[in-house]
Amino acid sequence: MNNLSEDQKNAVSKMIDLFKWSIQRYVWMKSGSTEGSSPPPDVPPILTLGGPGTGKSTIISTFYDMLGQYSSLVKFCATSGVAATLLPCGQTLHSALGFNRSGLGNNRSPSASTIKNLNSCVMLIIDEVSMLSKEIFYD
């Protein structure tokens, strides 16, 4: 993290804090023992803004490097294949969600394997999120 600006270091630090928060919520939800205990609060979505070349992808890569063995708990996605290739272990959001070229087709639900895959992650990072239509988040 030595080669990052102070703003970038702060962004990575916040991502690490959110990851820890996400882990606590994930463990609580998976434990099945919710009686008598209150859940950790929902993890808020965050948005990192900046023009081209300001280091948004560098922040994501640094975060990935810091995760080490826990990196498989985070999905790194982008809205296009080109953007996904710039992410560590990146894939398109459509691929991560189980969409094909025509959306979900007649089936409005992702496959069981897609659901299992998404349920095993605690964070979803979407690069170039401004390129998405809001309809992808709503039914």
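**View 1. Nonpolar residues make up 22 of the lining of the largest pocket, beside 11 polar and six charged ones.** The model shown here is predicted. In total, 39 residues line this pocket. The space inside comes to about 1300 Å³.

**View 2. Five residues lie nearest the centre of the largest pocket.** They are Pro 45, Ile 46, Leu 124, Ile 125 and Ile 126. Four elements each give two or more residues to the lining: helix 1 (6-31), helix 2 (56-67), helix 5 (112-119) and strand 3 (123-127). Which element gives the most? Helix 1 does, with seven residues.

**View 3. The largest nonpolar core holds 21 residues.** Those with the most contacts inside this core are Phe 19, Phe 63, Leu 67, Val 74, Phe 76, Met 123 and Ile 125. Helix 1, helix 2, strand 1 (74-78), helix 3 (81-85) and strand 3 each supply two or more of the core residues. Helix 1 gives the most here, with six residues. Nonpolar side chains in soluble globular proteins tend to be buried together.

**View 4. Leu 67 touches three residues beyond its sequence neighbours: Phe 19, Val 74 and Phe 76.** Residues up to four places away in sequence are left out of this list. Leu 67 is also among the core residues with the most contacts, as are Phe 19, Val 74 and Phe 76.

**View 5. Another core, of six residues, lies apart from the largest one.** Its members include Cys 77, Leu 93, Ala 96 and Leu 132.

Conventions: Residues are numbered from 1 along each chain as its sequence is written. This is a predicted model: local features need pLDDT of at least 70, side-chain atom pairs count only at pLDDT 80 or more; totals for chains, interfaces and linings use all residues. Side-chain values use heavy atoms; hydrogens and water are left out. On a 1 Å grid over the protein atoms alone, a cavity is a set of points where a 1.4 Å probe fits but cannot get out, and a pocket is an open set with protein on both sides within 12 Å along at least five of seven lines; lining residues have an atom within 4 Å of a point. Grid points are joined across faces, edges and corners, and a volume is the space filled by probe spheres set on the points. Ala, Val, Leu, Ile, Met, Phe, Trp, Tyr, Cys and Pro count as nonpolar, Asp, Glu, Lys and Arg as charged, and the others, Gly among them, as polar. A nonpolar core is a set of buried Ala, Val, Leu, Ile, Met, Phe, Trp, Tyr and Cys residues joined through side-chain atoms within 4.5 Å. Buried means under 20% relative accessible area, exposed over 50%, partly exposed in between (1.4 Å probe, protein chains only). Contact means heavy atoms within 4.5 Å.
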